[in-house]
Amino acid sequence: MEMKNLLMGSGPVMAMLLLQGLGTALQLLTKVALNKGTFVYAFVVYRHAIATLCVAPFAFFYERNKEKNLSFEVWFWLFMNAITGVTMAMGLFYYGLRDTTATFATNMINLVPVITFAFSTVLGLEKLLLKTKAGKIKTAGTIICLVGALIAILYKGESFHIGYEHMFDNIIIKKKTHWARGTIMLLSCCLSFAIWYLVQVELLKVFPLKYWGTMLTFIIAAAQSTVMGLCLNRSKAAWKLEWNLSLATIIYSGAMVTPATFLLVSWTVKKRGPTFPSMFNPLGLIAVAVLEALIFGEEISLGSLLGMLIITVGLYSFLWGRKQEPVVLPLPSGAARAEVARISESGGL
C-alpha cells in the first residue's frame with residue numbers, strides 16, 4: 001500500500017519530467033530543422049494540422065453530447081485565440097529561435113507568466129496587493145525576472161564551450177545569428193502569448209469546451225498560418241515535405257508534444273494545482289542549455305548563465321506569490337477558471 005501511494009504521489013512529478021524531456025528534444029530538433037532551411041510557417045501549418053488530427057478523437061469522444069453554440073461571438077474569439085496563441089506567437093518564436101539559440105529562446109519564454117501578470121495588472125484584471133506578503137514577493141519576482149532578462153539580452157561576458165565544437169557538423173548547419181532581430185521576435189512572442197492568455201478568459205466564457213476549442217483553434221490557426229506563409233513565401237520548395245529531419249520534427253511536435261502537453265498538464269493541474277507545472281520549466285531550460293552546448297558545440301556566455309539563474313529565482317518567487325494569492329478573473333465557472341489558470345501558468349509551446 002505504501003509503495004502504491006508513493007507511485008501515485010510521484011505521478012505528477014514523473015509526468016512533468018517527461019513533459020520537460022519531450023519539450024527539450026523538440027527545442028533542439030526545431031533549431032536544427034530551422035537552421036537547415038525549413039520555412040517557419042510551413043512548419044507551423046503542418047504541425048497544427050497533425051495536432052488537429054490527434055486532438056479530434058478527444059473532442060468527438062469526450063464532448064460529443066455537449067451543446068456546441070458556435071455563434072459569431074464564439075468564432076470571433078476562436079479566431080483571436082488562434083492568431084494570438086499560434087499564428088503570431090509560434091511564428092515569432094520560431095523566427096526568434098532561428099536567429100538566436102535554443103537556450104536563449106527558452107530563457108525568454110520563461111518570462112511569459114510574468115509578462116502576462118504585468119499586462120493583466122495594467123488592464124486591471126489583477127491587483128498588485130503590495131500590502132500582503134504574497135503580493136510583495138510576486139511583484140519582486142516580476143522585477144527580478146525582468147532584470148534577469150535584461151542581463152541575458154544586454155550582457156555577454158566571457159564565453160566558453162563544454163562540448164566538442166564541431167561534434168555534429170553533419171547534423172546541424174551553423175547559421176549566422178541575428179541577436180537584435182531574434183530578441184525582438186522573442187519579446188514580441190512573449191507579448192503575443194500574454195495577450196493570448198487574456199483572450200482565453202473571453203473564449204472560455206462563451207465556449208468552455210476545451211477539446212473542441214483546442215481542435216477548432218488549431219484548424220483556424222493552420223488556415224491563418226497558410227495565408228501568412230503564402231504572403232511571405234510562395235515557392236513550392238518552401239512548402240514541400242520530404243523524408244528528412246524536418247518532417248520527423250513536424251510529426252514529433254504535432255503527434256506527440258502538442259497532445260502530451262495538453263493532456264499531461266491538464267492531469268497534473270487536477271492533481272497538484274495550476275502552479276505545479278511551471279515549477280519544472282527551469283529544468284527544461286537547463287537541459288536545453290547543457291545539451292545544446294554538448295551536442296552542437298554552442299557556446300555559453302557568462303551573461304546567459306547569470307540571466308538564466310536570475311530569471312529562475314524570479315520565476316520561483318513569482319510562482320510562490322501566485323500560489324498564495326490566487327488570481328480572480330471574471331469567469332463563469334470554477335472549471336473554466338481552472339482551465340485559464342492551467343494555460344496561463346503552464347507556459348508551454
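Student: How far is the sulfur of C190 from the closest cysteine sulfur, and which residue holds that sulfur?
Tutor: In this predicted model, a disulfide would need the two cysteine sulfur atoms to lie within 2.5 Å. The pair in question is too far apart for a bond, because the closest cysteine sulfur to that of C190 belongs to C189 and the distance is 5.3 Å.

Student: How many disulfides does the count come to?
Tutor: A disulfide is a covalent bond between the sulfur atoms of two cysteines. The sulfur of C190 is too far for a bond from its closest cysteine sulfur, in C189. With the cut-off at 2.5 Å, the count of disulfides comes to zero.

Student: Is C190 buried or exposed?
Tutor: A residue counts as buried when its relative accessible area is under 20%. The relative accessibility of C190 is 0%, so C190 counts as buried.

Student: Is C231 buried or exposed?
Tutor: The word exposed is kept for a relative accessible area over 50%. For C231 that area is 60%, and therefore C231 is exposed.

Student: How many helices and strands does the secondary structure of the protein come to?
Tutor: One of the helices is α10, which covers residues 245-272, and another is α7, which covers residues 179-206. Taking the protein as a whole, the secondary structure comes to 13 helices and two strands.

Student: Among contacts between residues at least 6 apart in sequence, what percentage join residues at least 24 apart?
Tutor: An example of a pair distant in sequence is A33 and S246, which are 213 residues apart in the chain while their C-alpha atoms are 5.1 Å apart in space. A33 is indeed in contact with S246, and also with T38 and T249, once neighbours within four places are left aside. Among the contacts between residues at least 6 apart, the share joining residues at least 24 apart is 90%.

Student: Which residues does T30 touch, not counting those up to four places away in sequence?
Tutor: T30 lies in helix α1 and, with a relative accessibility of 1%, counts as buried. One of its partners, F43, is 13 residues away in sequence, with a C-alpha to C-alpha distance of 9.2 Å. Beyond the residues up to four places away, T30 touches F43, Y94, L97 and T249.

Student: At which residue does α10 bend, and by about how many degrees?
Tutor: Helix α10 runs over residues 245-272, and at its start a side-chain oxygen of N244 reaches to within 3.2 Å of the backbone nitrogen of S246. Further along, the helix bends at S253, by about 35 degrees.

Student: Which residue has the backbone oxygen that lies 2.8 Å from a polar atom of the side chain of T268?
Tutor: T268 lies in helix α10 and, at 0% relative accessibility, counts as buried. A polar atom of the T268 side chain lies 2.8 Å from a backbone oxygen, and the residue that carries this oxygen is L264.

Student: Which residues does T261 touch, leaving out those up to four places away in sequence?
Tutor: T261 is also found in helix α10, and its relative accessibility of 18% is low enough for T261 to count as buried. Leaving out residues up to four places away, T261 touches L19 and S266.

Student: How many residues apart in sequence are the parts that the pair of F39 and W239 ties together?
Tutor: A search of the whole structure finds 16 aromatic pairs. In one of them the ring centres of F39 and W239 are 5.6 Å apart and the planes stand at 70 degrees, so the pair is edge-to-face. Because F39 lies in the loop between α1 and α2 and W239 in helix α9, the parts tied together are separated in sequence by 200 residues.

Student: Is the pair of F193 and Y197 stacked or edge-to-face?
Tutor: Both residues lie in helix α7, four residues apart, which is about one turn of the helix. F193 counts as buried at 3% relative accessibility, and Y197 counts as buried at 4%. Since the ring centres are 6.3 Å apart and the planes are at 20 degrees, the pair is stacked.

How values were computed:
Residues are numbered from 1 along each chain as its sequence is written. This is a predicted model: local features need pLDDT of at least 70, side-chain atom pairs count only at pLDDT 80 or more; totals for chains, interfaces and linings use all residues. Side-chain values use heavy atoms; hydrogens and water are left out. Buried means under 20% relative accessible area, exposed over 50%, partly exposed in between (1.4 Å probe, protein chains only). Contact means heavy atoms within 4.5 Å. The bend at a residue is the angle between axes fitted to the seven residues ending there and the seven starting there. A polar contact is a pair of N or O atoms within 3.5 Å; within protein, one must be able to donate a hydrogen and the other to accept it, and residues adjacent in sequence count only if both atoms are side-chain atoms. Rings of Phe, Tyr and Trp (its six-membered ring) pair if their centres lie within 6.5 Å; planes under 30 degrees apart count as stacked, over 60 as edge-to-face and the rest as tilted.
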